[in-house]
Every structure is written in structure tokens, then in C-alpha cells.
Number of protein chains: 2
Amino acid sequence: MNLRNKLKLYVITDRRLKPEVESVREALEGGATAIQMRIKNAPTREMYEIGKTLRQLTREYDALFFVDDRVDVALAVDADGVQLGPEDMPIEVAKEIALNLIIGASVYSLEEALEAEKKGADYLGAGSVFPTKTKEDARVIGLEGLRKIVESVKIPVVAIGGINKDNAREVLKTGVDGIAVISAVMGAEDVRKATEELRKIVEEVLG
Amino acid sequence: MNLRNKLKLYVITDRRLKPEVESVREALEGGATAIQMRIKNAPTREMYEIGKTLRQLTREYDALFFVDDRVDVALAVDADGVQLGPEDMPIEVAKEIALNLIIGASVYSLEEALEAEKKGADYLGAGSVFPTKTKEDARVIGLEGLRKIVESVKIPVVAIGGINKDNAREVLKTGVDGIAVISAVMGAEDVRKATEELRKIVEEVLG
């Protein structure tokens, strides 16, 4: 499995915009190469049940499946990996308790990017590239900040934060391995079509 | 390690009543034989940090340490076990991803007790024995319901729900292996003294 190649179009769930299962199915039909289940403050049983379904769907479409924050849910549903931010479990601890999970680190500065790589992250979710309503308190690093991170680490970098079909090209030209989107897909009337449009742009720029 | 013997006086944290670290230290000084960290809706990093401290304290006092709901946090802090209710991860799944954790199951009926034992729970937290403000929606099984569970399973049973120094004796006489308390200890002005009084009663009845 080529991790870099599978991070091209990384779609994240958001139940404030769409229920997880149907929207993920549509995103996969539209060409998402990776899915992240991101659910805050729901019972573990609910995350586990939805996670099992998303794991099955992502297998059918040969996409990667990540779980936000929860190492236990990622292990329980046999996800490919887990996405960890500064408020989640430390990377080095997650690696100890989950030997086979791919660890993605959410980083909001060059310093955090270098630190995460050093601690053993397998890829970075770097942002926020642009301001975004999904995470209003996130620091905005801009295209320049993103480029610096891409040039400074060896592990794959996925750009995140305010990315849509109008700005995706310039983001992809910074040298990132992929783009992560929430509202550009989950906020669209037609999830499948929105994903298809982004996938087309990704293929144009990354080849 | 004799699990039954270590479940005699099982104290559960509640940050609505007291911050975890200091109250657990006092409960351990007062004779708690097991501690459960129960934190809802806090960032994983915070649970991990507090959990590490509680793990260290419980080691110093030779007490067992359990984490409510979160298998990942339990693994990360090297807890002895995890406590799983109907809204948490299924017991059989937790056993698969965490081979060495003691699994406690929260059960609210004889049927659930038998089911949890069958699925591989190592002990039961059975209740609610009495009505309790800590969990107002919990079913009340009473002393009779508790006794039926004790007589029907082979694994250790800890009684929970509205237990205090005034009713602890009659609860212990049902044949349970221990009592679990939240507000009787965490709601007391003097946590250490409240724990000491309960420990004394436990020793009187269980010998």
C-alpha cells in the first residue's frame, strides 16, 4: 500500500452537516481515497457501530479508513489508522498501544510538524491553510506556512482547512500529498458530485 | 492478585463533586481498595494525564485502578482494567483489543448480568441498588435484585448505586464482593474519613 497515493483526497465526516454512513458512501463513489470518522461526544458504542460500517464501505472502495482521536475505536473496527491532535493521546503513547495503526498527526505550525515527525507520526494533517468555520479557533498557516512544512518533513503531508474546488489547485501546488476536506464535501448538496470535482482537480495537479 | 479481595471498597471519581487527583489520594489514604477514573467529555489528553497520576497513586497504595469506558486510556496509562456499560464498547471486542485488561461490566438486571458473564466480563458492577442522584436514569434493582445476581453468576460482583454508611451493611450481606461508591465518598466534606468509615464496615461484614 502506497500511503502517499492514498492520501490524495481525504474526506472527513461531520454530523453537523450530514449523517456519516450515507455521506461517506457518496464520497467514496465520488472518488475519496481516504475517509476519517470524526465524531465528538457520542457514546463509544455508537462510534463503534458506525465505525464498523464505514470500515466495510472503505474496504469495498479500496480507500483508507481513519478514526479521529479514538485509538480504542480505531483498533476495535480495524481501521487503518488514527488521527491525533494536540488534545488527543500523545503520538508516542498511541504507537506503543497500537503497533499496527497508521498515525496521522494534526499540526498547526512548522514546529509542531517537526515534533510530530520526530515522535513517529506516519503522516501530517497540516493547517489550517485558510480560515474555516468547521474549526474557527484553528491557527491559519496559509499557503506559505504549508509550503514550509512540506519542505521540512519527509513524511506525507495532507493540507486541511478551508480547502474547496476554487483554491484546491494552489494548495496542491505547494507539494502536499493530498487535501483533506470537510465542508467542501459534507456541506455540498450533492456529496458525490462535490467529491468527483475535487478528485478531478487532484488528478490534474498530482497526475 | 486476588481480584475479589481487591474489589471490597471501590471508589469512583466524579469531578462534579471533587477534582480527581486530590480526592483519590484521600480515598486511598482512607482505605479504598480500587479506584475507577470516570470522566465524561474531556479531551483524551486530559484523561491520559490524570490517569497517569492516578495510576501512580494506586500503585503506591497497592489498589487496583480502572478506567470508565475508555479502553485506549486504560491501555495508555497501564490501568488494571476498564469498566464497560451498555453504551460503551462491547465486552467481547474490548477483550480482543486489550488482552491484559480486567473487564468490569456495568449491569442493571439479572439478564444483563448473565449476558456479561457469558461474554467474558471479569467482574460485574451491579445496580442501581438504591436510587441515586449520580445516575438518575439508572434502573433500581434493590437488595433483592442484587442478591439474585450474586446467586446467579460465578464472577465477582460489586454493588453500586446509592450506597452509603447507613445501608452498606445490608448491601454487603447480600453476598457481594464489594461496594462501589461515588457520592458517599466524593460528596463528603472529608473524603478520607468517609472512606475510612466505609472500609471499617466492609471489614466488619466481609471479615
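Here is a short tour of how the two chains sit together and how the barrel of chain A is built. The model is a predicted one. Chain B lands on chain A after a rotation of 180°, with 0.0 Å of shift along the axis and an RMSD of 0.0 Å. The two copies are therefore related as by a two-fold rotation axis.

**How the chains meet**

- Both copies use the same surface, as 100% of the contact residues of chain B recur in chain A.
- On each side of the contact you will find 16 residues: 16 of chain B are in contact with 16 of chain A.
- Three helices of chain B, namely α3 (44-60), α4 (71-76) and α5 (91-97), each supply at least two residues of the side that touches chain A.
- Helix α4(B) gives the most to that side, with 4 residues.
- Sorted by class, the side of chain B that touches chain A holds 8 nonpolar, 6 charged and 2 polar residues.
- If you want to locate the rotation axis, look for B:D72, whose C-alpha comes closest to the axis among the residues of chain B, at 2.3 Å.

**The barrel of chain A**

- Eight strands form a closed barrel in chain A, in the order β1-β2-β3-β4-β5-β6-β7-β8, with parallel pairing.
- Neighbouring strands of this sheet are turned by 25° against each other on average, direction ignored.

**A closer look at β5, β6 and β7**

- In chain A, strands β6 (residues 123-127) and β7 (residues 157-160) run parallel and are joined by 4 bridges.
- A:L124 has A:V157 in β7(A) as its bridge partner.
- Helix α6 (residues 110-118) of chain A packs on the sheet, where α6 touches β5 (102-107) and β6 of chain A.
- The direction of this helix makes about 165° with that of β5(A).

Definitions and conventions:
Residues numbered from 1 in each chain as written. Chains lettered and ligands numbered in written order. Predicted model: local features only at pLDDT ≥ 70, side-chain atom pairs only at ≥ 80, totals over all residues. Least-squares fit on C-alpha atoms with pLDDT ≥ 70 in both. Contact = placed C-beta atoms within 7 Å. Nonpolar A, V, L, I, M, F, W, Y, C, P; charged D, E, K, R; others polar. Pairing = 2+ DSSP bridges. Axes fitted to C-alpha atoms, helices over the stretch in contact; angles between N-to-C directions.
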